[in-house]
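Trainee: I am new to this structure and would love a close look at a single part of it. Could you walk me through one place where helices meet?

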Amino acid sequence: MAIATPTPASADLGVTGMGVMGSNLARNLARNGHKVAIHNRTSAKTEAVIAEHGSEGEFVPGETMDDFVASLSSPRVAIIMVQAGPATDAVIGELASRMDEGDIIVDCGNALFTDTRRREADLRARGIHFVGCGVSGGEEGALLGPSIMPGGSVESYKRLGPMLESISAHVDGEPCCTHVGADGAGHFVKMVHNGIEYADMQVIGEAYDLLRRALGLTPAEIADIFAEWNKGDLDSYLMEVSVEVLRQVDARTGKPLVDVIVDAAGQKGTGAWTTQTALDLSVPVTGIGEATFARGLSSSPIQRAGARGFEGHAEEWNIEDRDAFIEDVRQALYASKLVAYSQGFNLIQAAATEYGWDISLADMARIWRAGCIIRARFLGEVTRAYLTTPDLPLLIADKYFYDKVVEALPSWRRVVSLSALHGVPAPVFSSSLSYYDGVRSERLPAALIQGQRDYFGAHTYKRIDAEGSFHVLWGEDERVEVVS
Ligand code: ATR
């Protein structure tokens with residue numbers, strides 16, 4: 001079936017890239033009363049959307065890019081949902097060559113924020129708005145209501161924002177979509193969201209592993225414990241998902257599904273991007289970093305084979321008070337999760353300063369409350385924390401969260417110690433506790449490191465009791481200190 005030439009300039013906006021995510025976004029827009037132009041490089045996908053879902057709303061299928069662009073009302077809004085990288089650049093090029101000043105191109109893919117900044121600057125020079133827009137919630141979210149993180153100009157948001165807000169998830173009538181900040185801010189925040197997601201998944205994994213190894217519980221029994229936890233502070237979509245996965249029985253073998261899945265975690269790179277960016281901005285995101293490295297370790301067959309049979313000198317587990325241990329693990333999970341979020345928000349703060357983005361952390365927590373993968377009850381409290389104190393130096397300095405961390409500390413310390421004694425890896429639990437002890441320390445061994453640096457590299461140091469930079473003449477007999 002050939003697609004008829006559409007009525008010119010009648011669609012409210014368009015979506016190009018009719019993969020699962022693109023078509024679901026387009027359907028969501030159409031279902032919410034928007035007239036949506038749709039297009040795909042190969043038109044069979046466009047035809048399939050019309051054939052299967054054409055009755056859900058008003059679609060304007062475009063066979064060619066010319067038809068697609070011509071069908072958009074002015075100022076045009078075209079959403080791109082294709083693979084990140086060269087495909088996105090190619091489609092931007094095709095769209096931009098057909099667009100006019102004031103038109104808006106929106107990239108809803110998972111682009112690296114530096115690419116978004118480059119594309120935005122290029123298109124701005126041509127008078128076209130470019131919006132890098134994070135969309136979280138997977139396929140189902142795209143169709144039923146994702147969390148949406150658009151960057152770009154304030155002006156473009158005036159045209160685009162109401163449409164995106166109408167299709168986003170809502171909490172108490174508030175949309176999980178807001179203008180994040182200029183140029184690449186939306187994709188940056190989406191990247192950090194994904195990094196936090198890595199840490200969130202890893203802490204749940206560490207809790208599962210400890211409960212299993214220490215208490216010999218079955219996956220189904222751990223699912224029951226997680227279901228209980230999901231009624232309190234830890235109430236979250238990822239906890240819900242974990243319960244479902246742990247309860248799943250493999251049809252082929254009758255074993256718990258988790259026991260027949262190869263224990264090598266995959267990744268598409270957003271955790272690594274977050275960690276790399278954090279290193280560039282000197283923000284410790286140890287939770288996200290360790291979670292990313294843990295996935296790497298799990299997927300390193302050569303090293304894991306090379307270490308097979310390594311001695312652990314680990315003590316045998318002998319937990320006397322089962323319920324107390326379970327509560328300790330819950331507390332360790334919660335505290336580690338709070339640290340990971342605290343670090344993630346610090347990274348957004350640092351980027352906002354570096355790139356001149358006016359990002360409201362309260363708004364970020366607010367739009368993550370529903371629709372996205374890290375949606376969780378406690379994000380309501382995070383929103384409150386940043387609304388009360390927008391420049392909170394760290395999330396765990398907020399009284400509510402600080403009290404939670406302090407309450408968790410004895411349990412957290414026991415769990416980290418026990419995991420070390422018994423040879424169970426708990427990289428995010430333990431690194432988060434180290435981070436907490438690091439930031440709260442009066443003095444850190446960094447003073448010795450400064451001394452070492454001055455010794456071998458004349459890098460100088462600052463004194464606690466005088467202004468300026470100092471250096472010791474280490475090579476000389478007297479080793480006197482000089483002002484550098
Ligand atoms: P999903 O996983 O969401 O189903 P996908 O298979 O990754 O999506 O494909 C995403 C979209 O990117 C597809 O619409 C694809 O177009 P085709 O159906 O023609 O393959 C689109 N895409 C990929 N590379 C592209 C390119 N260079 N130019 C235009 N579109 C491209």
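In which sense, left-handed or right-handed, does α15 pass α19?

Mentor: Happy to help! This is a predicted model, in which local features need pLDDT of at least 70 and side-chain atom pairs count only at pLDDT 80 or more, while totals for chains, interfaces and linings use all residues. Residues are numbered from 1 along each chain as its sequence is written, and side-chain values use heavy atoms, with hydrogens and water left out.

Now to your question: α15 passes α19 in a left-handed crossing. Left-handed says that the near helix is turned anticlockwise from the far one by less than a right angle; clockwise would be right-handed. Helices here are DSSP runs (H or I, at least four residues), numbered from the N terminus.

Two packed helices are described by the angle between their axes and the distance between the axes. Helix α15 covers residues 322–355 and helix α19 covers residues 427–440; they pack at about 65°, with their axes 9 Å apart. Each axis is a line fitted to C-alpha atoms over the stretch in contact, and angles run from 0 to 180 degrees between N-to-C directions.

Which residues meet? From α15 come Val-329, Ala-332, Leu-333, Ser-336, Val-339, Gln-343 and Asn-346, and they meet Val-428, Phe-429, Ser-432 and Tyr-435 of α19, where contact means heavy atoms within 4.5 Å. By class, this contact has seven nonpolar, four polar and no charged residues. Ala, Val, Leu, Ile, Met, Phe, Trp, Tyr, Cys and Pro count as nonpolar, Asp, Glu, Lys and Arg as charged, and the others, Gly among them, as polar.

For another place to look, try Gly-216, in the loop between α8 (185–215) and α9 (219–229). The C-alpha atoms of Gly-216 and Trp-317 are separated by 9.5 Å, though 101 residues apart along the chain. Not counting residues up to four places away in sequence, Gly-216 touches Leu-211 and Glu-221.

Technical notes: Helix = DSSP H or I, 4+ residues; strand = E, 2+ residues; numbered from the N terminus.
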